[in-house]
Amino acid sequence: MQQNPGIELRVAGQADVDAAAELFRGYLDFYEVEVTDPDRPRAFLAERIAKDESLVLLADAPGVGTVGFAQVYRAFSSLSMDTAWVLNDLYVAPEGRRTGAGRALLREVLRRAREAGVTGVQLETAYDNKVAQGLYEAEGFVREGFHVYFHELG
């Protein structure tokens, strides 16, 4: 599963939950999500993996270790009347940035999506996350004209 020289990718299993959870906590910190229960990120990922509710990919950089993760959810698109994927999370820890890990993870998601025959991959990122936007656009993602709304329920 190698896409960038030196970057090794793998699908996370139960044995990888601790490594994935550490990256997930970094991702939550990046987006300034307050985590009141320190065990919750690990439990959340462990449950997604155990129930096969998401695809979690991990990226290893030589001499650094596991530096990045991506999490994809299966979804349906009413407008295309087909299956789509949502790339909900993509994160590379500071020590893994500029290694190609983020690009490798993104390309692997797209490769697997094509292989699965889905209609497309959707993602969101913060308005000010210009680095991520540059990567997504360089890899063929197109900014859509839809507004995203969210209603907090609890």
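In the predicted model, Val33 is partly exposed, with a relative accessible area of 38%, and this residue lies in the loop between α1, which spans residues 17-30, and α2, which spans residues 40-50. Together with Phe30, Tyr31 and Val35, Val33 makes a nonpolar surface patch of about 310 Å². Because residues of a patch must have over 30% relative accessible area, the value of 38% computed for Val33 satisfies this condition.

Turning to charged side chains, the count of salt bridges in the model comes to 13. One of the pairs is formed by Arg10 and Asp16, whose side chains meet with an N to O distance of 3.1 Å. The two partners fall into separate accessibility classes: Arg10 is partly exposed, at a relative accessible area of 24%, whereas Asp16, at 15%, is buried, because the buried class is reserved for values under 20%.

A salt bridge is also found between the side chains of Arg103 and Glu139, with an N to O distance of 2.4 Å. This pair links distant parts of the chain, since Arg103 belongs to helix α3 (residues 101-116) while Glu139 is placed in the segment after α4 (130-138), the two residues being 36 positions apart. As regards accessibility, Arg103 is partly exposed, with a relative accessible area of 30%, and Glu139 is buried, with a relative accessible area of 18%.

Helix α3 also contains a salt bridge between residues of its own, in which the side chains of Arg112 and Glu108 meet at 2.9 Å, N to O. Because Arg112 and Glu108 are 4 residues apart in helix α3, about one helical turn separates them. Both partners are classed as buried, Arg112 with a relative accessible area of 18% and Glu108 with a relative accessibility of 1%. Elsewhere, Glu47, Arg48, Lys51 and Glu53 are joined into one network by salt bridges that share partners.

Considered by pair, the carboxylate partners Asp16, Glu139 and Glu108 are each buried. Among the arginine partners, Arg10 and Arg103 are partly exposed, whereas Arg112 is buried.

Terms used. Residues numbered from 1 in each chain as written. Predicted model: local features only at pLDDT ≥ 70, side-chain atom pairs only at ≥ 80, totals over all residues. Heavy atoms only, no water. Patch = residues over 30% accessible without salt bridge, like charges linked within 9 Å, V, L, I, M, F, W, Y side chains within 5 Å. Areas by Shrake-Rupley, 256 points an atom, 1.4 Å probe, with all protein chains shown as cover. Salt bridge = Lys/Arg side-chain N within 4 Å of Asp/Glu carboxyl O. Buried < 20%, exposed > 50% of the residue type's maximum accessible area, 1.4 Å probe, protein only.
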